[in-house]
Amino acid sequence: MLNQNFHTLLKQDVFKSLTQCAEALKVESYLVGGFVRDHLLGRGKAKDIDVVAVGSGIDLAKAVQKKLPHAQKIQIFKSYGTAMVRWGDISLEFVGARKESYSKESRNPKVTEGTLEDDQNRRDFTINAMAVSLNSQNTGTLIDPFNGLEDLEQGIIRTPLEPGITYSDDPLRMLRAIRFATQLNFKIDPPSLQAIRDHAHRIAIISNERIVEELHKIMSTPKPSIGFLLLEQNGLLERILPELIQLKGIEEVEGQRHKDNFYHTLEVVDNICEHTENLWLRWAALLHDIGKAPTKKFHPKIGWTFHGHEFVGSKMVYKLFKRLKMPLNEKMKYVQKLVFMSSRPIVISEEIVTDSAVRRLVFDAGEILEDLITLCEADITTKNPTRYKRYNNNFKLVRQKIKEVEERDRVRNFQPPVTGEMIMEHFRLKPCKEIGIIKEAIKEAILEGEIPNEYDAAFALMLKKGSEMGLETHGK
Ligand code: ATP
Ligand code: MG
């Protein structure tokens, strides 16, 4: 049921102020776009309020900013004719009603003043083109020239005007259509889908930043596979993330088949979304197998292998982030590390787990350990219930074992009990390779469980190693 009552909403202070300012300036004003859509859907309390003024949106914004107590300084985007006013956690975005005409090379249109109707015409989807009057003669009335209400009820993404023109004018709308379909679990109208297929190549004029913004929004939904399947089926994924397309398909040699790693990946992403809101962990799930395409080989004796795909995949993460102008900071390194280590807990879960194997995993994974196991659990996509249970239980055992080892040995964020400085002081050494050798020997012995993670044992080992290397002792 759609929440069609706007009257109660409009009694709120922010809307009263808006109406008063618009009346004083004698401009018509309307709520539009995402705000109207989300109110109708009852999607939480919308904090982004889109307002259109028939006249100057900037002047209206200025007046509203003055009227709202303690509103933040206004932000004006002159070239777009828009302005933004923040008031508490609410942000009001103002635009003057406008008409747009596009050229082939750019998604930035030529803009001229227009009527409310012109403004509704230029909007991307019928569900985003509804307006609610803030004017005294018909306050709260929904103005819905394209039957957006019905599309909202039926869950359809449809363009107000001819879809071919809409998508070609601004190809970002192709991604927006798919993103809304994913967020709202809506269907894209078939003529729209056809137009997206026809104009997919036009995505080339969209900046990587805008593309990534939409991908993040798709990745933040409960079921990103909806979006990725649409991107794939309509010719966009091959242009945005060709690495994923390379995972598609099943090859068969001598009767041996490998799984389709594209569909497998999408399942892993959906699975992990049930367990985490962490966007970058979700990205790691999306990219965890990308190294499988370039490393795939068939060996007559052992079948299909993907040797070293984790290493190759982690290198590909860097290239992909760079190409899409995603951050090359600790977020990227986090994703790389997860991809690089993505098979490690699986190996442990399949064998009889030794303490030293677990200690090594804890040591190498460090901060990402929990996320790594979450990724591995999401990676179980077998449809065989007995196997599913077995794999899942194996990871429960791994988690248990990790807990035991952690409590005892504290190797996560490992700080050597004997430091380089101590070694230098004891043997009166200047920086040299012997120090590294001793440190490594101590670390290895702790990870292998030969000595406990304690000062006395580590110091004794230091003395032993030092004497083996012929170093002179100077300490007490
Ligand atoms: P959300 O805020 O959840 O991303 P939204 O629909 O509010 O969704 P915004 O980007 O905030 O999206 O834009 C506000 C409104 O502006 C939209 O509802 C739509 O009417 C219009 N709009 C935004 N981008 C475009 C576009 N590329 N082409 C046409 N209209 C657009
Ligand atoms: Mg919005």
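This briefing describes the overall form, the salt bridges and two selected residue environments of a single chain. The model is predicted. The chain comprises 476 residues, of which 50% count as buried, and its secondary structure consists of 25 helices and 15 strands. The radius of gyration is 30 Å, whereas a compact globule of 476 residues would have a value near 23 Å. The count of salt bridges comes to 31.

**Overall form and surface**

- Along the principal axes, the C-alpha atoms of the chain fill a box of roughly 95 × 60 × 40 Å.
- Among contacts with a separation of 6 or more, 65% are accounted for by residues 24 or more positions apart.
- The area exposed by the chain is about 24,000 Å², and 51% of this area is supplied by carbon and sulfur atoms.
- The chain carries 69 positive and 66 negative side chains. The centres of these two sets lie 2 Å apart.

**Salt bridges with buried partners**

- Side chains of opposite charge can pair when their charged atoms come close.
- D119 and R122 are joined through their side chains by a salt bridge, with an N to O distance of 3.2 Å. Both of these residues are buried.
- The D119 and R122 side chains also belong to a wider network of salt bridges, which links R98, E100, D119, R122 and R123.
- A further salt bridge connects the side chains of D170 and R173, at 3.9 Å from N to O. This distance satisfies the criterion because a salt bridge requires the nitrogen to be within 4 Å of the carboxyl oxygen.
- D170 has a relative accessible area of 7% and is therefore buried, the cut-off being under 20%. R173 is likewise classed as buried because its relative accessible area is 7%.

**A salt bridge within helix α10**

- R210 and E213 form a salt bridge in which the closest N and O atoms are 3.8 Å apart.
- Both residues lie in helix α10, which covers residues 208–219. Their spacing of three residues corresponds to about one turn of the helix.
- R210 has a relative accessible area of 30% and so is partly exposed. E213 is also partly exposed, because its relative accessible area is 36%.

**The environment of T126**

- T126 is situated in the loop between α5 (116–121) and β8 (131–133).
- The relative accessibility of T126 is 1%, so this residue counts as buried.
- When neighbours within four places in sequence are left aside, the contacts of T126 are F146, G148, D151, R158, T159 and P160.

**The environment of L25**

- L25 belongs to helix α2, which covers residues 13–25.
- With a relative accessible area of 39%, L25 is partly exposed, a class that lies between the buried limit of 20% and the exposed limit of 50%.
- Residues up to four places away in sequence not being counted, L25 touches D59, L60 and A63.
- L25 and D59 are 34 residues apart along the chain, and their C-alpha atoms are separated by 8.4 Å.

Note on methods:
Residues numbered from 1 in each chain as written. Chains lettered and ligands numbered in written order. Predicted model: local features only at pLDDT ≥ 70, side-chain atom pairs only at ≥ 80, totals over all residues. Heavy atoms only, no water. Buried < 20%, exposed > 50% of the residue type's maximum accessible area, 1.4 Å probe, protein only. Helix = DSSP H or I, 4+ residues; strand = E, 2+ residues; numbered from the N terminus. Rg over C-alpha atoms; globule rule 2.2 N^0.38 Å. Contact = heavy atoms within 4.5 Å. Areas by Shrake-Rupley, 256 points an atom, 1.4 Å probe, with all protein chains shown as cover. Lys, Arg positive; Asp, Glu negative; His and termini not counted. Charge placed at Lys NZ, Arg CZ, Asp CG, Glu CD.
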